[in-house]
Amino acid sequence: MNTNIKSVLMIGQSNMAGRGDFDEVPEIINPNCYMLRNGRWQPMREPINPDRCIWGYYHSGRGLAASFADEYAKYYNEKIGLIPCADGGTSLQQWMPGEVLFDNAVNNAKLAQRSSEIIAVIWHQGENDSIDETDAKTYGERFIKMITSIRDKLGNSDIPVIVGGLGDFAKNYENGKLKYIDTVNHTLKELPKQLHRCGFASADGLTDRGDGIHFNSASYRVLGKRYFEEFKILYNRS
């Protein structure tokens, strides 16, 4: 296996894919940052995870992964590749073993393993599971099952996993539609106590893009750096 590139699997829903406006913050250009396209490593350019069109209000755009990769490349002076598999509007159930999104992520990750070493899984999801009480209360046990299965499929039970907090602004989304968001956010924050080599990146103080559900571009940049700080703690323990 060629380990000249370290790689990171991106999974979750729209805030992992990225919905930030392009003109809000400068593009990140780093020659050591790559993204997987058609099984090959291409220079990193946003949108990294084009799960939607790049025009219109809800569009693929700036996201947290670019600043995460940039921080990694600068700190370790190594090549880093992103494996984009996030899909907007999805629930945790759609990421469980045997579901299409799970299989797609594993297949892309295994493809990436031909030319890289996977060193992390980064996850941002939970809004869709904040609507129903049962989904919210079972989030933790289901997430652990999903991540354990991904680690098993990739042959490494020690892959660091970083999860991110949901924005406080989402409490007011569509007149309180996400009524159990505090339950899911608490679960996400507590996951490092329950899951081996897991870190939590806080969304405290971050801002939405005006839609009450997605971060703005500046906040994505900050959140990506917070993901990296959590990753660095776990990675340096290995």
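This passage walks through the fold, the hollow spaces and a handful of individual residues in a predicted model of one protein.

The overall picture comes first. The protein's secondary structure adds up to seven helices and seven strands. Read from the N terminus, these elements follow the order β-α-β-β-α-β-α-β-α-α-β-α-β-α. The radius of gyration is 16 Å, close to the 18 Å that the globule rule gives for 238 residues, so the protein is as compact as a globular protein of that length. Laid out along its principal axes, the C-alpha trace spans about 50 × 40 × 30 Å.

What share of the residues is tucked away as buried? Out of 238 residues, 57% fall into that group. The accessible surface, meanwhile, comes to about 10,200 Å², and carbon and sulfur atoms own 45% of that area. Contacts tell their own part of the story: among those with a separation of 6 or more, 78% link residues that sit 24 or more positions apart.

Next come the empty spaces. The largest pocket holds about 260 Å³ of space. Its lining is made up of 16 residues, and the ones nearest the centre are Gly 89, Asn 128, Tyr 173, Ile 213 and His 214. Sorted by class, that lining has five nonpolar, seven polar and four charged residues.

How many cavities of 30 Å³ or more turn up in a search of the whole structure? The search finds one. The space inside the largest cavity is about 30 Å³. The residues around this cavity are Met 10, Met 16, Ala 17, Glu 46, Ile 48, Gly 61, Arg 62, Gly 63, Leu 64 and Ala 65. Two helices take part in the lining, with H1 (14-17) and H2 (64-76) each giving at least two residues. By class, the lining of the largest cavity splits into six nonpolar, two polar and two charged residues.

Glu 46, one of the cavity-lining residues, also has a part in a notable stretch of backbone. The peptide bond from Glu 46 to Pro 47 is cis, with omega near 5°. Most peptide bonds are trans, and most residues other than glycine have a negative phi. Pro 47 itself sits in the loop that runs between strand S3 (40-43) and H2.

Two asparagines stand out for their phi angles. Asn 77 has a phi near 55°, a positive value in a residue other than glycine. This asparagine belongs to the loop between H2 and strand S4 (79-84). Is Asn 77 buried or exposed? With 62% relative accessibility, Asn 77 counts as exposed, since the exposed label applies over 50%. Asn 175 likewise has a positive phi in a residue other than glycine, here near 60°. Its home is the loop between strand S6 (161-164) and helix H6 (181-194), and with a relative accessible area of 83%, Asn 175 is exposed.

Ala 120 gives a look at a residue inside a strand. Ala 120 is part of strand S5, which covers residues 117-124. A relative accessible area of 0% makes Ala 120 buried, because buried means under 20%. Which residues does Ala 120 touch, leaving aside those up to four places away in sequence? The list is Ser 7, Val 8, Leu 9, Ile 159, Pro 160 and Phe 231. Ala 120 and Asp 158 are 38 residues apart along the chain, and their C-alpha atoms are separated by 9.2 Å.

Lys 110 shows another setting, this time in a helix. Lys 110 is found in helix H3, which covers residues 100-113, and is partly exposed, with a relative accessible area of 40%. Leaving out residues up to four places away in sequence, Lys 110 touches Lys 153 and Leu 154. With 44 residues along the chain between their positions, Lys 110 and Leu 154 have C-alpha atoms separated by 6.8 Å.

Arg 40 rounds off the tour. Arg 40 lies in strand S3, and its relative accessible area of 56% makes Arg 40 exposed. How far apart in space are Arg 40 and Arg 52, C-alpha to C-alpha? The distance is 21 Å, for two residues that are 12 residues apart in sequence.

Definitions and conventions: Residues are numbered from 1 along each chain as its sequence is written. This is a predicted model: local features need pLDDT of at least 70, side-chain atom pairs count only at pLDDT 80 or more; totals for chains, interfaces and linings use all residues. Side-chain values use heavy atoms; hydrogens and water are left out. On a 1 Å grid over the protein atoms alone, a cavity is a set of points where a 1.4 Å probe fits but cannot get out, and a pocket is an open set with protein on both sides within 12 Å along at least five of seven lines; lining residues have an atom within 4 Å of a point. Grid points are joined across faces, edges and corners, and a volume is the space filled by probe spheres set on the points. Ala, Val, Leu, Ile, Met, Phe, Trp, Tyr, Cys and Pro count as nonpolar, Asp, Glu, Lys and Arg as charged, and the others, Gly among them, as polar. Helices (H or I, at least four residues) and strands (E, at least two) are DSSP runs, numbered from the N terminus. The radius of gyration is taken over C-alpha atoms; the globule rule is 2.2 Å times the number of residues to the power 0.38. Buried means under 20% relative accessible area, exposed over 50%, partly exposed in between (1.4 Å probe, protein chains only). Contact means heavy atoms within 4.5 Å. Accessible areas come from the Shrake-Rupley method with a 1.4 Å probe; for residues, only the protein chains shown count as cover.
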